[in-house]
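The following exercises are intended for a reader who meets this structure for the first time. Each task is followed by a solution that proceeds step by step.

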Amino acid sequence: MRLALDQARLAARGGDVPVGAVVLAADGTTVLATGHNEREAGGDPTAHAEVLAVRRAAEATGEWRLSGCTLVVTLEPCTMCAGAITQSRVDRVVYGARDDKAGAVGSLWDVVRDRRLNHRPEVVQGVLAEECSGLLTEFFRER
């Protein structure tokens, strides 16, 4: 999560909402890819940290299926990102801050654990939650 927080700080420096993500290989320690929000930087509404990290991990492995991988993200993923997580077959999602306004991994919706889907990753929530939410609070307070 500390690496994801570093990525989130990069997003904030670029004027984007400070969300960072890291994809870990099946061994749980090898970093396959990182990402941070780049919506403002690239004018791309889909450039969320999770989507970018998943795309980069797929490029790094040469596979769209990220079976065995873990996605670590500072903020609970939204519906778009939850869809990308499910489609990429990530095995585990670890997130920090809960998102009561747009969260789709347990808060507002629970897309990734919907029993109608053929892939449902394990979810670990609340890792360094205070630090993750504090970064977001600080960003929006300054705005």
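A residue is called buried when its relative accessible area is under 20%, exposed when that area is over 50%, and partly exposed in between. The model examined here is a predicted one.

**Exercise 1. Classify Leu 128, Thr 29 and Thr 86 as buried, partly exposed or exposed.**

Solution. Step one is to locate Leu 128, which is found in the loop between strand 5 (122-125) and helix 5. Its relative accessible area is 31%, so Leu 128 is partly exposed.

Step two concerns Thr 29, in the loop between strand 1 and strand 2 (31-36). Thr 29 has a relative accessible area of 63% and is therefore exposed.

Step three turns to Thr 86, whose place is in helix 4. With a relative accessible area of 5%, Thr 86 is buried. Setting aside residues up to four places away in sequence, Thr 86 touches Val 112, Leu 117 and His 119.

**Exercise 2. Describe the order of helices and strands, and decide whether the radius of gyration agrees or disagrees with that of a compact globule.**

Solution. Begin with the inventory: the chain contains five helices and five strands. Reading along the sequence then gives the pattern α-β-β-α-α-β-α-β-β-α.

Next, consider the dimensions. The C-alpha trace spans about 40 × 30 × 30 Å along its principal axes. A compact globule of 143 residues would have a radius of gyration near 15 Å; the chain has 14 Å, and therefore agrees with this expectation.

Finally, two percentages complete the description. Buried residues make up 46% of the 143 residues. Among contacts with a separation of 6 or more, 54% join residues 24 or more positions apart.

**Exercise 3. Identify which members of the largest nonpolar core touch the most other members, and which elements contribute to this core.**

Solution. The core holds 36 residues, and those touching the most other members are Met 1, Val 19 and Leu 71. Two or more residues each are given to this core by helix 1 (2-13), strand 1 (20-24), helix 3 (49-61), strand 3 (70-75), helix 4 (79-88), strand 4 (92-97) and helix 5 (129-142).

Met 1 may then be followed individually. Not counting residues up to four places away in sequence, Met 1 touches Val 72, Val 73, Thr 74, Val 94, Tyr 95, Gly 96, Val 127, Leu 128 and Cys 132. The partly exposed Leu 128 is thus in this list.

**Exercise 4. Establish whether Gln 7 and Pro 18 are buried or exposed, and state what each one touches.**

Solution. Gln 7 lies in helix 1. Its relative accessible area of 12% is under 20%, so Gln 7 is buried. Leaving aside neighbours within four places in sequence, Gln 7 is in contact with Val 19, Gly 20, Ala 21, Thr 34, Gly 35 and His 36. The C-alpha atoms of Gln 7 and Thr 74 are separated by 9.1 Å, although these residues are 67 residues apart along the chain.

Pro 18 is found in the loop between helix 1 and strand 1. This loop residue has a relative accessible area of 1% and is therefore buried. With residues up to four places away excluded, Pro 18 touches Ala 8, Ala 11, Ala 12, Thr 74, Leu 135, Leu 136 and Phe 139.

**Exercise 5. Characterise the lining of the largest pocket.**

Solution. First, the volume of the largest pocket is about 400 Å³. Of the 20 lining residues, the closest to its centre are Val 17, Val 19, Leu 75, Asp 99 and Ala 102.

Second, sort the lining by class: nine residues are nonpolar, four are polar and seven are charged. Third, sort by element: helix 5 supplies the largest share of the lining, four residues.

**Exercise 6. Examine the positive phi values of Arg 89 and Leu 128.**

Solution. Arg 89 is not a glycine, yet its phi is positive, at about 65°. The place of Arg 89 is in the loop between helix 4 and strand 4. Leu 128, a residue other than glycine, likewise has a positive phi, near 50°.

Key. Residues are numbered from 1 along each chain as its sequence is written. This is a predicted model: local features need pLDDT of at least 70, side-chain atom pairs count only at pLDDT 80 or more; totals for chains, interfaces and linings use all residues. Side-chain values use heavy atoms; hydrogens and water are left out. A nonpolar core is a set of buried Ala, Val, Leu, Ile, Met, Phe, Trp, Tyr and Cys residues joined through side-chain atoms within 4.5 Å. Buried means under 20% relative accessible area, exposed over 50%, partly exposed in between (1.4 Å probe, protein chains only). Contact means heavy atoms within 4.5 Å. On a 1 Å grid over the protein atoms alone, a cavity is a set of points where a 1.4 Å probe fits but cannot get out, and a pocket is an open set with protein on both sides within 12 Å along at least five of seven lines; lining residues have an atom within 4 Å of a point. Grid points are joined across faces, edges and corners, and a volume is the space filled by probe spheres set on the points. Ala, Val, Leu, Ile, Met, Phe, Trp, Tyr, Cys and Pro count as nonpolar, Asp, Glu, Lys and Arg as charged, and the others, Gly among them, as polar. The radius of gyration is taken over C-alpha atoms; the globule rule is 2.2 Å times the number of residues to the power 0.38.
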